[in-house]
Amino acid sequence: MLNNIKLVIFDIDGTLLDSVCFNTYNMNRTLEMMGYTYRVDEACIRANLGATAEDFYKVVLDEVCYLDWEAIRTQNRVNVRQAMQGYGKAFPGVESTFKALYEKGYKLVLYSNCSRLYLESALEVLHITPYIDYTECVKDNGLEKPELLKKIVSLYEGMDTVVVGDRIHDLEAAAWNGLPYVAALYGFGKDEIKDATYQIQAIDELIELLEGPKYTKSIEEYISLLDKEKQDA
């Protein structure tokens, strides 16, 4: 159990958003529109989501396409909202877990390597906007993830903090800032983070880590318990 945590900082892709299908569809539609015959597959997308844009495109595209990666990225962004609405989806339990943690008084923050447009499009799919206290992307200010985490923590000075993510980038960013890290093993980087101290196989297991074993049965029972606590207060 993680004691006294008040601030929870979440990665997005692979932690909250199951975005493999969406990103594969969007990339292949862009490649078709631009006249390329090359196509990406879901396995390659899954293995590289969460990386910086340049690193992501360098791996998922072939050599010919990569020469034009910035134009491909630009076209992907043009289509991102429509593609997200058609193919993006939250992992099971995301909305209810955010609601439960919010009602218990946690500050919930999102940070990501993605663009602001991508983040805003993801929020339309995740349905968690009412529960979020703050969001920031590396593209907002040019900070890398470790520095971005440092900035966010400074905004909540004195709050015990935990980072939740599914890739090695988040584990390293948390370690750089001396923060505990929860590995979302249901995400895209299971093998990278399998030795993390704290692990969850589903997002709603985060509640037990933060609140203790009395909340182990189901998210619905947890929310009911919160309602009862409010009535008794």
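How many bridges join strand S6 to strand S7, and which way do the two strands run? Select residues 161–165 for S6 and residues 181–184 for S7, and you will find three bridges between two strands that run parallel. Before going further, note that this is a predicted model, in which local features need pLDDT of at least 70 and side-chain atom pairs count only at pLDDT 80 or more, while totals for chains, interfaces and linings use all residues. Residues are numbered from 1 along each chain as its sequence is written, and side-chain values use heavy atoms, with hydrogens and water left out.

**The sheet**

Helices (H or I, at least four residues) and strands (E, at least two) are DSSP runs numbered from the N terminus, and two strands pair if DSSP finds at least two bridges between them. Widen the selection to the whole open sheet, where six strands with parallel pairing follow the order S5-S4-S1-S6-S7-S8. At its edges are strand S5 (134–137) and strand S8 (198–200), each of which pairs on one side only. Neighbouring strands here are turned by 20 degrees against each other on average, direction ignored.

Return to S7, where Val-182 stands opposite Val-164. In a regular strand the side chains alternate between the two faces of the sheet. In S7, Tyr-181 and Ala-183 on one side and Val-182 and Ala-184 on the other are all buried, where buried means under 20% relative accessible area, exposed over 50% and partly exposed in between (1.4 Å probe, protein chains only).

Next select Leu-185, in the loop between S7 and helix H11 (190–193); Leu-185 is buried, with a relative accessible area of 7%. Leaving aside residues up to four places away in sequence, Leu-185 touches Lys-190, Ile-193, Lys-194, Gln-199, Ile-200 and Gln-201, contact meaning heavy atoms within 4.5 Å.

**Helices across the sheet**

Now show helix H6 (residues 94–103), which lies across strand S1 (7–10) and strand S4 (107–112) and runs at about 135 degrees to S4. Axes are lines fitted to C-alpha atoms, for helices over the stretch in contact, and angles run from 0 to 180 degrees between N-to-C directions. Helix H9 (residues 145–155) lies across S1, S4, S5 and S6, at about 160 degrees to S4.

Add helix H10 (residues 168–176), which packs against H9 at an angle of about 50 degrees, with the axes 8 Å apart. Among the residues to display are Lys-145 and Leu-149 in H9, and Ala-173 and Trp-176 in H10, which belong to the sets that meet.

**Helix H1**

Finish at helix H1 (residues 20–33), whose 14 residues reach 20 Å from the first C-alpha to the last, close to the 20 Å expected at 1.5 Å a residue, the expected span being 1.5 Å times one less than the number of residues. Because 10 of the 14 residues are buried, H1 is largely enclosed by the rest of the structure. The buried residues include Phe-22, Asn-26 and Leu-31, and what covers the buried part of H1 includes strand S2 (17–18), helix H2 (42–48) and helix H5 (69–87).

With H1 and H5 both shown, look for axes 9 Å apart, packed at an angle of about 135 degrees. The contact includes Tyr-25 and Met-33 of H1 and Asn-79 and Tyr-87 of H5. Just after H1 comes Gly-35, whose phi is positive, near 90 degrees.
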